[in-house]
Number of protein chains: 2
Amino acid sequence: MEKIARQCMLYDFYGELLTEHQRRVYEDAVFNDMSLSELASEYGISRQGVHDLMKRCDKTLEEYESKLQLVARFGKVKETVEAIQTCDDLPTIKQMAGEILEEL
Amino acid sequence: MEKIARQCMLYDFYGELLTEHQRRVYEDAVFNDMSLSELASEYGISRQGVHDLMKRCDKTLEEYESKLQLVARFGKVKETVEAIQTCDDLPTIKQMAGEILEEL
């Protein structure tokens, strides 16, 4: 997965577990595509400070994922639900629903 | 929801975020139905110590739930998938699948 796409997904699941300050900077970097210089100027910290903060956030979010596996689990569930949406065979749909319930 | 059922669900989602020691005691209390006295004897701590540990674990798990809402979200998804399993009307199934995708 592309780095930015992974950051978005991790943030969607675990962003609430970051501090308010971390969330603001991380959102501006990942969702608003702000550069290190722009972030440094916006938050009155050095470029190195922004870099370190982003690295720490990435690490924190990956640690939560390694423990809870929500991105992985939800990804599988989502794929199967999408398959149900495009499937017209009832027995196959029931089987896929069963697979989801095992995953949950 | 009954207290023990809620503890089970919270633990299923967030148990990995407790310490190894907390996990062991909590599992014995919630899943193996051990009493305070049994736990105190098993882990060489006082009954009050066990009580405090359980309270701290409950609080930690509820805090994660208040931030991530996994029990609530997965509960809704699970209900809808179960409805898909017992439904034989394709248009209704597609609609329910759409609802799940919005929730995820």
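Mentor: Before we start, buried area is the accessible area (1.4 Å probe) that two parts lose on being put together, summed over both. This is a predicted model, where local features need pLDDT of at least 70, side-chain atom pairs count only at pLDDT 80 or more, and totals for chains, interfaces and linings use all residues. Residues are numbered from 1 along each chain as its sequence is written, chains are lettered from A and ligands numbered from 1 in the order in which they are written, and side-chain values use heavy atoms, with hydrogens and water left out.

Trainee: OK, what is the area buried between domain 1 of chain A and domain 2 of chain A?

Mentor: The domain assignment, automatic or from a database, splits chain A into domain 1 (1–68) and domain 2 (69–104). Carbon and sulfur atoms give 63% of the area buried between the two, and the total is about 640 Å².

Trainee: Which residues in domain 1 of chain A lose the most area to domain 2 of chain A?

Mentor: The side of domain 1 of chain A that touches domain 2 of chain A draws at least two residues from each of α1 (3–14) and α4 (47–68) of chain A; helices here are DSSP runs (H or I, at least four residues), numbered from the N terminus. Three residues together make up 70% of what that side buries: F13(A), E65(A) and L68(A).

Trainee: How many salt bridges does the rule find across the interface of chain B and chain A?

Mentor: The rule wants a side-chain nitrogen of Lys or Arg within 4 Å of a carboxyl oxygen of Asp or Glu. D88(A) and K94(B) fit, with their closest N and O atoms 3.1 Å apart. Across that interface, the count is two salt bridges.

Trainee: Which element gives the most to the side of chain B that touches chain A?

Mentor: Contact means heavy atoms within 4.5 Å, and 27 residues of chain B are in contact with 27 residues of chain A. The elements giving two or more residues to chain B's side are α1 (3–14), α4 (47–68), α5 (70–85) and α6 (90–103) of chain B. With nine residues, the top contributor is α5(B).

Trainee: Last one: how are the two copies related?

Mentor: Superpose by least squares on the C-alpha atoms of residues with pLDDT of at least 70 in both. Chain B then lands on chain A with an RMSD of 0.1 Å, after a turn of 180° and a shift of 0.1 Å along the axis. The copies are thus related as by a two-fold rotation axis.
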